[in-house]
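Me: I am new to this structure and would like a close look at one part of it. Could you take me through a strand and its surroundings, and then show me what else holds the fold together?

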Amino acid sequence: MNWQAARDKHPGDGECSGKKIVWITGASSGIGAALVRKLVAEGHFVIVSGRNRDTLLKIQQPSPKLIKVLACDVGDDASMAEAGRALAEITDQLDLVIACAGVCEYEDNLELDVKRYRRVFDANFFGVVNTLHQALPLLANSRSPVFAAVGSLSSIVGFPRAEAYGASKAAVSYFMESVRADTSRVRLRTVLIRPGFIDTPLTKGNDFAMPLMMSPEQAAHRILRGLSGSRSIIDFPRRLSWSLRMLAVLRPVWHKLCAPRITRIRKLRNN
Ligand SMILES: NC(=O)c1ccc[n+]([C@@H]2O[C@H](COP(=O)([O-])OP(=O)(O)OC[C@H]3O[C@@H](n4cnc5c(N)ncnc54)[C@H](OP(=O)(O)O)[C@@H]3O)[C@@H](O)[C@H]2O)c1
C-alpha cells in the first residue's frame, strides 16, 4: 500500500485528516530542511529530495513515518525521470510541491564562463522545470494542489557578480508567471517564493553586507504563512523587497549611484 492509500484508508482519523502530502527539493539543508521540520511538526507527510542520500536519511531519522527519502539531482533529466517513477510508488497524489533546490555561484571579473552558467541554470531553473514535470500528474490528483518555486529577491534588480545566479532566478520568476497564466482555468495554484538573505550554507561564503538577514526557521515560517493564504508571490523580508522594487522603478538611481559602489570591476580584461 502506498503512502496516500495508507493516509486515505482512515479519512476520519484525527491523525491523518487534513494532512498534506508534500514534496520538497533542496530538503537536506537551509530553507528546505527548516520547511521539512515545520511541516513534519504539523503532522504532514513529506518526501525529501536532494543529491546526498546520507544527509536525507539523517533528516528522516526523527520521523521515519512522516518522511520519505527520494535522492535525485534536479538538474539531471535522467535522475528526475527515475525520481518520477519512485515518487509514483510512494504516492498517487501530491498536495504541495516546493521546488527549493538551488546553488549560487558568483561571477568574478566578468569571466563569463559558460559552464558556470549551465551549472547554475541546471539546478536553479531546469531543476524547477524538471520538478514540475515529474510532480504534475500527482498534483492533478489533489483537490487543492499547490506548486511553489523558490526564486530570489536578487532577481528584481541586476546585482554585480550575480549574472548567473540572478538570471537563473529571473528565469524562474518568468517561468512561474507563465505557468500561472497557462493554468488559470485549471485547479493548480502556483506560488513564487522570493527570499532575501537567509543564513544558510549558500550564503556562508558571502563576503559582503547582507542586510536584514533572516534564519532558515524565520524563512520557513514566512513561506508556510504565505502558502496558507492566497498570494501568488511570497516576498520577504518586506523592507528589502520594497526597497528593491523601488530601485527597480528608479533604475537610473540603481545603476548610477548604487551599482558603482558595489561592483569590484575597475577595468575590462583584454585577454
Ligand atoms: N540563502 C539565501 O540567502 C537565499 C536567498 C534567496 C533564495 N535562496 C534560494 O533558496 C533555495 C534554498 O537555498 P538555501 O539557502 O537553503 O541553500 P542550501 O542550504 O545550500 O540548500 C540547498 C539545497 O539544494 C540542494 N541542491 C542543490 N543542488 C541540487 C541539485 N542539483 N539537485 C538536487 N538538490 C540540489 C542541496 O542538497 P544537495 O547538495 O545534497 O543536493 C540543499 O538541500 C535555493 O533555491 C536558493 O537559491 C536562498
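Reply: Happy to help; what follows starts at one strand and works outward to the core and the salt bridges. Please keep in mind that this is a predicted model.

Let us begin with strand E6, which covers residues 189-195. Six of its seven residues are buried, so the strand is largely enclosed by the rest of the structure. One of its partners is strand E5, residues 146-150, and the two pair in the parallel sense over five bridges. If you want a spot to look at, find Phe147, which stands opposite Thr190 in E6. Helix H6, residues 163-182, belongs to this picture too: E5, H6 and E6 make a right-handed β-α-β unit.

E6 also pairs with E7, again in the parallel sense, this time over four bridges. Here Ile193 has Ile234 in E7 as its bridge partner.

For a wider frame, the UniProt record, in an unreviewed entry, lists residues 20-201 as "domain: Ketoreductase". Over those residues the chain is 45% helix and 18% strand, and the C-alpha atoms at the two ends are 28 Å apart.

Now follow Phe147 inward. Phe147 is one of five residues that touch the most other members of the largest nonpolar core, a group of 66 residues; the others are Ile24, Leu94, Ile98 and Leu227. In soluble globular proteins, nonpolar side chains tend to be buried together. Take Ile24 as an example: leaving aside residues up to four places away in sequence, its contacts include Leu35, Val36, Leu39, Val46, Val48, Ile98 and Cys100. There is also a second, separate core of eight residues, among them Ile156, Val157, Leu247 and Ala248.

Next come the charged pairs, and strand E7 leads us to one of them. Asp235 and Arg245 meet through their side chains in a salt bridge, with N and O 3.0 Å apart. Asp235 lies in E7, residues 233-236, and Arg245 in helix H9, residues 238-249, so the pair ties together parts that are ten residues apart in sequence. The two ends of this bridge differ in their surroundings: Asp235 is buried, with a relative accessible area of 10%, whereas Arg245 is partly exposed at 34%.

In total, the count comes to eleven salt bridges. Another joins Glu217 and Arg37, with 2.5 Å from N to O. This pair links distant parts of the chain, 180 residues apart: Glu217 sits in helix H8, residues 216-228, and Arg37 in helix H2, residues 30-41. Glu217 is partly exposed at 35% relative accessible area, and Arg37 is partly exposed at 45%.

A third one to find is the bridge between Glu105 and Arg119, whose closest N and O atoms are 2.7 Å apart. Glu105 lies in the loop between strand E4 (96-99) and helix H5 (114-139), while Arg119 is in H5, so the pair ties together parts that are 14 residues apart in sequence. Arg119 counts as partly exposed, at 42% relative accessibility. These two residues do not stand alone: salt bridges that share partners join Glu105, Glu107, Glu111, Arg116 and Arg119 into one network.

To retrace the route, go from E6 to its parallel partner E5, on through Phe147 to the largest nonpolar core, and then to Asp235 in E7 and its link to helix H9.

Conventions: Residues numbered from 1 in each chain as written. Predicted model: local features only at pLDDT ≥ 70, side-chain atom pairs only at ≥ 80, totals over all residues. Heavy atoms only, no water. UniProt positions renumbered as here; feature names shortened; annotations may be inferred. Core = buried A, V, L, I, M, F, W, Y, C linked by side-chain atoms within 4.5 Å. Buried < 20%, exposed > 50% of the residue type's maximum accessible area, 1.4 Å probe, protein only. Contact = heavy atoms within 4.5 Å. Salt bridge = Lys/Arg side-chain N within 4 Å of Asp/Glu carboxyl O. Pairing = 2+ DSSP bridges. Right-handed = clockwise from strand over helix to strand, strands pointing away.
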